[in-house]
Amino acid sequence: MNKTDCRYGIKQSPFYKLSSKKKLAELLWVNLDLLTDIVSNNARYYKVWTKETPGKKPRTVESPKPSLKKIQRRICSILSRIETPEWLMSGKKGISYADNARFHLENKHFLCTDINSFYPSCSKEYVFKFFKNEFKMPEDIAWFVTDLVTFDNHLPTGAPTSQIIAYWAYNIAFSKIQKSAENYGIKMSLYVDDITFSSDKNIPKNFINLVSKRLSEVKLQIKPEKTQVFYPNDYKKITGCCITPKNELKVPNKLRYKITTLLENQKIESLELKETNRAFGLLNAARQIELNFNENSYKRLKSKFIKQNYGEASIKKSAINN
């Protein structure tokens, strides 16, 4: 992996041993009065709504308002510069869910699981401990920063900081799991709340119990219904990708069907703005997995996408750049 944004150790971070709110405000490029108001009136800086997706359970989204989101993006930018282990796939610039699957291509035996209600389960207590213990911040500063990235005593589902902080808040537990996997000759990766294990040999049946135990020690739980074991002759579904028995990375059938159905029902030239954006997004997702997937449709959709969203001038500029 050479596409990450890791540059230095945690002790080189400007957050390390940060000891005053004034310096924090300077670091985040904002007025201290605004930070204080956010901490004092946290709920006022969030919009909470329910997202409904066909075939899935309704999901509560806690989205920070623009003034807070800007601050959180700055915090995220600072945190993303800290070196993290190779097996952490999320929160890294240039690393996608497809890279998470590629990480395991050499192996044939798989165990996949994910963490139940991950962000709502990431408690304010563990976020505070991260800032206090890892960054050596005084307690009052650690709580202050914690209040800038949490909502209702947990990590908010719609905040730009939640992905990277979810790892750091529980990095000790994740590292213990990874070390245990390594001792068994098992490769592990973590992509947000998805944990993937792979090996060239059978993974012990009781290994998932060890994973569950480690997570329960920090008040996290796996989803039994999302826990799957795959064998060499299986088609393995890994974070939205498919690994074939021949160890090839392929676009899964579900995504193929969505793209095919959308493009077969209507000609690309007749797609409305919303349909164009959806089709272009789906094709981009597929091309993360298979680089040249549906090349002809992609080029035509890209041209239409740019035209509908940015105008004719942008098409000419894109053509020159390509």
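Is His 104 buried or exposed, and what is its relative accessible area? Buried, with a relative accessible area of 0%; the legends below start from this residue. The model is a predicted one, in which local features need pLDDT of at least 70 and side-chain atom pairs count only at pLDDT 80 or more, while totals for chains, interfaces and linings use all residues. Residues are numbered from 1 along each chain as its sequence is written, and side-chain values use heavy atoms, with hydrogens and water left out.

**View 1. His 104 in its loop.** Look for His 104 in the loop that runs between helix 4 (97-102) and strand 3 (109-114). Helices (H or I, at least four residues) and strands (E, at least two) are DSSP runs, numbered from the N terminus. Buried here means under 20% relative accessible area, exposed over 50%, and partly exposed in between (1.4 Å probe, protein chains only). The side chains of His 104 and Ser 189 share a polar contact of 2.7 Å. A polar contact is a pair of N or O atoms within 3.5 Å; within protein, one must be able to donate a hydrogen and the other to accept it, and residues adjacent in sequence count only if both atoms are side-chain atoms. Not counting residues up to four places away in sequence, His 104 touches Phe 110, Lys 187, Met 188, Ser 189, Thr 196, Phe 197 and Ser 198; contact means heavy atoms within 4.5 Å.

**View 2. Gln 72 in helix 3.** Helix 3 (residues 66-79) holds Gln 72, which is buried with a relative accessible area of 0%. Its side chain makes a polar contact of 3.1 Å with the side chain of Tyr 46. A polar atom of the Gln 72 side chain also lies 3.0 Å from the backbone oxygen of Leu 148. Beyond its neighbours within four places in sequence, the contacts of Gln 72 include Pro 64, Val 149 and Thr 161.

**View 3. Helix 8 and its surroundings.** Seven of the eight residues of helix 8 (residues 162-169) are buried, among them Ile 165, Tyr 167 and Trp 168. These buried residues pack against helix 3, helix 5 (118-121), helix 6 (124-134), helix 7 (139-149), helix 9 (171-183) and strand 4 (187-191).

**View 4. A sheet of three strands.** This open sheet has the order 7-8-9, with antiparallel pairing. Strand 7 (236-238) and strand 9 (249-250) are at the edges with a single partner strand each, so one side of each has no neighbour in the sheet. Two strands pair if DSSP finds at least two bridges between them; strands 7 and 8 (residues 241-243 for strand 8) have three. Ile 238 has Cys 241 of strand 8 as its bridge partner.
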